[in-house]
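Here are my notes on the model you sent, set out as numbered points. They begin with charged pairs and then turn to the sheet and the helix that goes with it.

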Amino acid sequence: MLQSYKVYTLEDGKDFVLIDTLEYNNKKYLLLSSESNSEYICIRKIIKENNDEYIVKLEEYEFESVVDQFLLKHKDLFW
């Protein structure tokens, strides 16, 4: 059985697979894993401008709280 998955190409030209999404503080965040090295993950934010969506890096001030929210969402995997 074939599985399909969403792949995003980030600003460095590398491809990342969508692992999960999170709605938090009226924003949407993506948990991504490198397509070439599944141990490398990152979090990006989706912003909307003029009816277009863009994937951007998180601001430094929001990183810790977003990571905490992903951990809470998946606490059964960690505790």
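**Salt bridges and their setting**

1. The structure, which is a predicted model, holds four salt bridges. Side chains of opposite charge can pair when their charged atoms come close. The points below take up three of the pairs, including K73 with D20, K45 with E62 and K48 with E53.

2. In one of these salt bridges K73 is paired with D20, and the closest N and O atoms are 3.1 Å apart. This pair links distant parts of the chain, since K73 belongs to helix 1 and D20 to strand 2, with their positions 53 residues apart in sequence. The two partners can be placed by their accessibility: D20 counts as buried because its relative accessible area is 14%, under the 20% cut-off, whereas K73 is partly exposed at 40%.

3. The surroundings of D20 deserve a separate look. Besides the salt bridge to K73, the side chain of D20 is joined to that of H74 by a polar contact of 2.5 Å. Leaving aside residues up to four places away in sequence, D20 touches Y29, L30, L31, F70, K73 and H74.

4. A second salt bridge brings together the side chains of K45 and E62, at 2.9 Å from N to O. K45 lies in strand 4 and E62 in helix 1, so this pair ties together parts of the chain that are 17 residues apart in sequence. Here both partners are buried, K45 with a relative accessible area of 9% and E62 with one of 4%.

5. The side chains of K48 and E53 also meet in a salt bridge, with an N to O distance of 3.7 Å. In this case K48 is exposed, with a relative accessible area of 65%, and E53 is exposed as well, at 53%.

6. As for the sheet, five strands form an open arrangement in the order 1-2-3-4-5, with antiparallel pairing. Its edges are strand 1 (7-9) and strand 5 (52-57), each of which pairs on one side only, and the twist from one strand to the next averages 45 degrees.

7. Strand 1 and strand 2 (residues 15-24) run antiparallel and are joined by three bridges, and Y8 stands opposite F16 of strand 2. Helix 1 (residues 60-73) packs on the sheet, where it touches strand 2, strand 3 (27-34) and strand 4 (41-49), and its direction makes about 90 degrees with that of strand 2.

How values were computed: Residues are numbered from 1 along each chain as its sequence is written. This is a predicted model: local features need pLDDT of at least 70, side-chain atom pairs count only at pLDDT 80 or more; totals for chains, interfaces and linings use all residues. Side-chain values use heavy atoms; hydrogens and water are left out. Two strands pair if DSSP finds at least two bridges between them. Helices (H or I, at least four residues) and strands (E, at least two) are DSSP runs, numbered from the N terminus. Axes are lines fitted to C-alpha atoms, for helices over the stretch in contact, and angles run from 0 to 180 degrees between N-to-C directions. Contact means heavy atoms within 4.5 Å. A polar contact is a pair of N or O atoms within 3.5 Å; within protein, one must be able to donate a hydrogen and the other to accept it, and residues adjacent in sequence count only if both atoms are side-chain atoms. Buried means under 20% relative accessible area, exposed over 50%, partly exposed in between (1.4 Å probe, protein chains only).
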